[in-house]
Amino acid sequence: MTNPEPEGPQPGGDPEFPVPIAAEEGSGRPVYLRRQPAWSYFLTPGAILIAALIIAGAIWWQPGSDDDGSPASPAAGGTAAASTAPAGASPTAAAQASLLDAFLGYARTVGLDEQQLMQCLNDGANVQLINSHLQRGNQLGVSGTPTFFINNKKLVGAQPTALMLEIIEKERSPNPPTSLDAYSPQLQQLAATNPPSFEILPARPDLSGAAFEGSPNARVVIAEFSDFQCPFCLRWNQVTLPEVRKLLGDEVALAFLHFPITQIHPNAGNASLLAICAGKQGKFWEMHDLLFARQQEWGNLR
């Protein structure tokens, strides 16, 4: 049974939600992975205010932890030396390495070149891409995952498959609906909620930087704002995506945009970065499917 509500804080809560990557201890900061030879990657938190402004700032974590068990303080000058967890290292350092090992194992599973992957993980442009998707989602009123835009029709939450297919089929018609009256009672009920879980927008969203399955020029594009650690996104991928994929091609396409809610899913941002880097080697959707399939495996690693 699918959950009609998206994962994450809902409208009426914190008006500044979502902050892409929380910067304070205990609020969901990202895992900082390190391994020899020296490399590092980070997710830059931005304070998305009501004006939807993202202020970039790097979070650097050193291996290990402070005496009180909290993450190590940022290194002087904003840099830190890379380190492999040695014998007798703190549990935090060892656990950090285990998440990196899991991700590198996934990279091997889908056939990625590890050297290219390492270089990609160091590229700050990929972090900026994640933050741009978060900012775009904020501007579109996305407040949880999954949230979909089927052309200019917004559908919030992991709704029943039949409703998604209904919207897709109507968008494939020569004259897609411009009024809610054209939809089933179930979709009209969603449109009547406050805020609405289904609505018709003036235009399609900007999908620049999205990963596409199917033709980017398709008549119908299903844009999904998603979080790799979100259980409802996982359910949608297990239940509805297989049916949607039967339609993908020149006429129907799927677009993925990153919306990691790290306040409750601390590894989601790093998973997005891994998927982006897999995409640089033509393996985005293979990594997408693997991350969701193994969500329970990597979701709690450090």
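1. Aromatic cluster. Phe228, Phe256, Phe284, Trp285 and Phe292 form one aromatic cluster. The model is a predicted one, so read the geometry below as that of a prediction. Across the structure there are 11 aromatic pairs.

2. An edge-to-face pair. One of the aromatic pairs is Phe225 with Phe259. The arrangement is edge-to-face, with 6.1 Å centre to centre and 90° between the planes. Phe225 sits in strand β5, and Phe259 in the loop between β6 and α8. The two are 34 residues apart, and the pair links distant parts of the chain. Phe225 has 0% relative accessibility and therefore counts as buried. Phe259 also counts as buried, because its relative accessibility is 0%.

3. A tilted pair. How do the rings of Phe228 and Phe292 meet? Their centres are 5.1 Å apart and their planes stand at 45°, so this pair is tilted. Phe228 belongs to the loop between β5 and α6 (231-239), whereas Phe292 belongs to helix α9 (residues 284-293). The pair therefore ties together parts that lie 64 residues apart in sequence. Phe228 and Phe292 are both buried.

4. Strand β5. Is this strand mostly covered or mostly open? Mostly covered: 7 of the 7 residues of β5 are buried. That holds for both faces. On one side the buried residues are Val220, Ile222, Glu224 and Ser226. On the other they are Val221, Ala223 and Phe225. Note that Glu224 and Ser226 are among the buried residues.

5. Neighbours of β5 in the sheet. Strand β1 (residues 147-150) pairs with β5 in the antiparallel sense, over 4 bridges. Phe149 has Ala223 of β5 as its bridge partner. The pairing with β6 is parallel, and 7 bridges join β5 to β6. Here Val221 stands opposite Ala253 in β6.

6. Helix α3, length. Why does the span of α3 agree with expectation? Helix α3 (residues 124-139) has 16 residues, so at 1.5 Å a residue it should span 22 Å. Its end C-alpha atoms are 23 Å apart, which agrees.

7. Helix α3, ends. Asp123 caps the N-terminal end of α3. One of its side-chain oxygens lies 3.0 Å from the backbone nitrogen of Ala125. After the helix comes Gly141, with a positive phi near 85°.

8. Helix α3, packing. The buried residues of α3 are Asn126, Val127, Ile130, Asn131, His133, Leu134, Arg136, Gly137 and Asn138. In an α-helix there are 3.6 residues a turn, so residues three or four places apart point the same way. Against which elements do the buried residues of α3 pack? They pack against α2 (114-121), β5 (220-226), β6 (252-258) and α8 (268-280). Strand β5 thus appears here too, as one of the packing partners of α3.

9. His265. This residue lies in the loop between β6 and α8. Phe259 is in the loop between β6 and α8 as well. Because its relative accessibility is 5%, His265 counts as buried. What does the side chain of His265 contact? It makes a polar contact with the side chain of Asp227, at 2.9 Å.

10. A charge over a ring. The charged end of Lys170 sits over the ring of Tyr183. The distance from the ring centre is 5.8 Å.

How values were computed:
Residues are numbered from 1 along each chain as its sequence is written. This is a predicted model: local features need pLDDT of at least 70, side-chain atom pairs count only at pLDDT 80 or more; totals for chains, interfaces and linings use all residues. Side-chain values use heavy atoms; hydrogens and water are left out. The expected span of a helix is 1.5 Å times one less than its number of residues. Buried means under 20% relative accessible area, exposed over 50%, partly exposed in between (1.4 Å probe, protein chains only). Contact means heavy atoms within 4.5 Å. A polar contact is a pair of N or O atoms within 3.5 Å; within protein, one must be able to donate a hydrogen and the other to accept it, and residues adjacent in sequence count only if both atoms are side-chain atoms. Rings of Phe, Tyr and Trp (its six-membered ring) pair if their centres lie within 6.5 Å; planes under 30 degrees apart count as stacked, over 60 as edge-to-face and the rest as tilted. A charge sits over a ring if NZ of Lys or CZ of Arg is within 6 Å of the ring centre and within 35 degrees of the ring normal. Two strands pair if DSSP finds at least two bridges between them.
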